[in-house]
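Visitor: Hi, could you walk me through how some of the helices in this structure fit together?
Guide: Gladly, let us look at it together.

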Amino acid sequence: MTERQIELINAAGKLLTKNGVSGLTIKNLAKEMNFSESAVYRHFSSKEDIIIGMLNYFSSEVNILYGKAIDVNNSPIVNLESLFSTQFNYFSDKPYIVNAIFSENLIENNEKINETILNIMKVKQKFLVDIIKKGQEDGVFTSLVSLEDTIHIIMGSLRLIMFKWKMSNFSFDLKVKGNDLVSSILTLIVVK
């Protein structure tokens with residue numbers, strides 16, 4: 001991605017946060033950037049292209065951030081807490097990503113956007129599988145629930161809190177609620 005595309009993505013994110021998906025138009029984006037519409041089209045061919053670019057950019061950023069958050073020398077508990085603390089911090093700074101991921105208008109009608117969102121889930125799952133698998137192998141996390149089901153429970157719970165945050169118009173502190181949820185998840189999966 002070019003610097004200009006990243007600037008456009010961030011401006012599109014502001015529009016998404018302020019006006020929702022319907023407010024994100026090439027015309028509004030051009031106005032937000034003090035560009036002509038044709039200048040926006042030089043970088044992105046459509047609104048869909050902007051959103052896919054935004055989600056792909058997010059996916060690559062998160063892959064890097066998650067990689068930095070995990071340390072093989074840390075316990076699985078510390079790595080799980082670090083992984084999600086990183087996620088909550090990132091989303092708190094960029095709530096428009098949550099708007100894009102949970103926009104029903106986008107998800108229902110667009111196969112490319114659905115694929116991109118699925119890829120984001122795979123990035124998170126890749127890191128989560130490694131942490132949970134190690135925790136189960138080390139006897140830190142329960143093996144009474146399969147690895148796959150544990151991942152589904154954790155990811156589902158965290159998606160729900162993100163969705164609630166979006167639906168409440170970002171009215172609660174995601175970092176606090178999210179970390180509380182991670183503590184509850186750990187209560188359920190840590191072997192006593």
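Guide: Keep in mind that this is a predicted model. A good place to start is helix 4 and helix 8 (residues 111-137), whose axes come within 10 Å and cross at roughly 5°.

Visitor: So how do helix 4 and helix 8 lie relative to each other, roughly parallel or roughly perpendicular?
Guide: They are roughly parallel to each other, because angles under 35 degrees count as roughly parallel, and helix 4 and helix 8 therefore belong in that class.

Visitor: What kinds of residues make up the contact of helix 4 with helix 8?
Guide: The residues of that contact divide into 11 nonpolar, six polar and four charged. Among them are I51, L55, F58 and V62 in helix 4, and I113, I117, I120 and F127 in helix 8.

Visitor: OK, what about helix 1 and helix 4, at what angle do they pack?
Guide: Helix 1 and helix 4 pack at an angle of about 110°, with their axes 10 Å apart, and that makes helix 1 roughly perpendicular to helix 4. Their contact includes I6, I9 and L16 in helix 1, along with I50, M54 and Y57 in helix 4.

Visitor: Switching topic, which residues are buried in helix 2?
Guide: In helix 2, which covers residues 26-33, the buried residues are I26, L29, A30 and M33. These residues cover an arc of only 100° around the axis, so they sit on the same side of helix 2, while K27 and K31 are exposed on the other side.

Visitor: And what covers the buried ones in helix 2?
Guide: The cover includes helix 1 (3-23), helix 3 (37-41) and helix 4 (47-69).

Definitions and conventions: Residues are numbered from 1 along each chain as its sequence is written. This is a predicted model: local features need pLDDT of at least 70, side-chain atom pairs count only at pLDDT 80 or more; totals for chains, interfaces and linings use all residues. Side-chain values use heavy atoms; hydrogens and water are left out. Buried means under 20% relative accessible area, exposed over 50%, partly exposed in between (1.4 Å probe, protein chains only). Helices (H or I, at least four residues) and strands (E, at least two) are DSSP runs, numbered from the N terminus. The arc is that of the directions from the helix axis to the C-beta atoms. Contact means heavy atoms within 4.5 Å. Axes are lines fitted to C-alpha atoms, for helices over the stretch in contact, and angles run from 0 to 180 degrees between N-to-C directions. Angles under 35 degrees count as roughly parallel, over 145 as roughly antiparallel, 65 to 115 as roughly perpendicular and the rest as oblique. Ala, Val, Leu, Ile, Met, Phe, Trp, Tyr, Cys and Pro count as nonpolar, Asp, Glu, Lys and Arg as charged, and the others, Gly among them, as polar.
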